[in-house]
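Reader: I would like a close look at one part of this model, going slowly through a single piece of the fold and what surrounds it. Could you take one strand and place it for me among its neighbours?

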Amino acid sequence: MAEAGRVPLHTPLGLLAELTHRCPLGCPYCSNPLALEPRDGELDAATWARVFGEAAALGVLQVHLSGGEPGARRDLVEITAAAHDAGLYTNLITSAVGIAADTLHKLADAGLDHVQISIQDGAPESADRIAGYDGAFARKRALAAAVVGLKIPLTVNVVVHRANIDRIEAMVALALALGAGRVEVAHVQYYGWALRNRAALMPSAEQVTRAATAVERLRKRHHGEIVIDAVVPDYYARLPKPCVGGWGRRSLNVTPSGKVLPCHAAESIPGLEFWSVREHSLAEIWNSSPAFNAFRGTAWMKEPCRSCARREVDFGGCRCQAFALTGDAAATDPVCHLAPHHADVAALAAAQDDAPYAYRHM
Amino acid sequence: MSKTPPAIAADARPRLPRGVRLVHSEAQGGWVLLAPERVFKADAVAAEIVKRCTGEATLAAIVDDLARSFNAPRERILADVTAMLQSLADKKLLEL
């Protein structure tokens, strides 16, 4: 039995390692915070190695090497080797710009298990315009070919929004042509830079419906050939997503400077106290840091979550979204049809305009 | 009605592709199959099957071995193993 008033701790499965916020691309939907961490604040490779060892000891199985663009780190091979040596399954999440062919070979030798490459659209001109970087698309094709050539499994991640959502079929065809075993159709989630660009990125309800139909058709057509993962986009959903599998339940996020967050957007919630791997072990942070304990369990919930049958299915949705849309991080995620602020979400989704993107920049 | 899964050749040599690993985790309470950005809990039976998918043993040999080890009818083992391997292959977690 759990001690009264205390929540039994789960074992984390995954660690998102944001190795740097530096990135050559300027995607207007970037999930990084608006205030980006400069290079001189980044953890060194030795500290990352210690963190990976502590993560493995805590029960973590997979590490996602991400950013920013992880290829911006000169010591990426050393960092990847350390994660592999700690016994972790290593996943590189990259824009493909900044990973040279010889670096990829060294990463493969270091034990890299999987690569995820983001694609901005099915055609070069539009893809490069969205990424804010000329020539990015060609580099993605080249790195994807090199990954597949080394027999490393490849996931293609396509981030969809108003400008490209009608071309899901072309993007899945591209993923197949590149030799990906899996494609993630990721609707933009409105945090960080994406929140700033929301009106310019938001798809229409008709587009979302057509996209869902397209995904179903493609899944049938390519069954056994490629795995297609997709979820209903937040602003058009009736039920909220079980964000990060529940706060402080399944995953940890370490920022470039070493702060440990329950999810990558958690710093957008004011008043939370985050601990750093510079001062604490990962186990201390997982077990005791105020930020991780802030929304564990169900005691923090208000109605309608508190008495809801789904309270331990979706955990009230996303805390960051609840705060962003209602000003109260303990409110029901307004994506939920039972939330008092649910009507606001439809109004926000309807607020679309074709203003130029505010591209992400340091 | 769902269609019958296609039979797997008796001389197929199933194996885990690069990027898929079966590991035992004390902290997670048992066997897990690690795959690209996904983790699957494997129950004891699934783990016994997957452990034998080395790329060397044929399907026939795997089924013989399981039937012996668990003292179970070969026909039933064959049906269970075929269904499981096909489902893993459809998810790109196994090469046949």
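Author: What follows is a walk outward from one strand of chain A to the sheet around it. The model is a predicted one, and the strand I have chosen is strand 2 of chain A, residues 62-66.

Of the 5 residues of strand 2 of chain A, 5 are buried, so the strand is largely enclosed by the rest of the structure. In a regular strand the side chains alternate between the two faces of the sheet. Both faces of strand 2 of chain A are covered, with A:Gln62, A:His64 and A:Ser66 buried on one side and A:Val63 and A:Leu65 buried on the other.

Strand 1 of chain A, residues 14-18, runs parallel to strand 2 of chain A and is joined to it by 5 bridges, and within this pairing A:Gly14 has A:Gln62 as its bridge partner. Between these two strands the chain passes through helix 1 of chain A, residues 45-58, in a β-α-β crossover that is right-handed.

Strand 2 of chain A also pairs with strand 3 of chain A, residues 89-94, in the parallel sense over 4 bridges, and here A:Val63 stands opposite A:Thr90. The path from strand 2 to strand 3 of chain A leads through helix 2 of chain A, residues 76-85, and this β-α-β crossover is right-handed. Helix 2 of chain A lies across strand 2 and strand 3 of chain A, and runs at about 170° to strand 2 of chain A.

Seen in its wider setting, strand 2 of chain A belongs to an open sheet of 9 strands with mixed pairing, in the order 7-6-5-4-3-2-1-8-9. At the edges of this sheet stand strand 7 (227-230) and strand 9 (260-261) of chain A, each with a single partner strand, so one side of each is left without a neighbour in the sheet.

Elsewhere in the sheet, strand 4 of chain A, residues 114-119, runs parallel to strand 5 of chain A, residues 154-160, with 5 bridges between them, and A:Gln116 stands opposite A:Thr155. Helix 6 of chain A, residues 168-178, packs on the sheet and touches strand 4, strand 5, strand 6 (182-187) and strand 7 of chain A, while its direction makes about 165° with that of strand 5 of chain A.

Conventions
Residues numbered from 1 in each chain as written. Chains lettered and ligands numbered in written order. Predicted model: local features only at pLDDT ≥ 70, side-chain atom pairs only at ≥ 80, totals over all residues. Buried ≥ 20, exposed ≤ 12 C-beta atoms within 10 Å, placed from the backbone. Pairing = 2+ DSSP bridges. Right-handed = clockwise from strand over helix to strand, strands pointing away. Contact = placed C-beta atoms within 7 Å. Axes fitted to C-alpha atoms, helices over the stretch in contact; angles between N-to-C directions.
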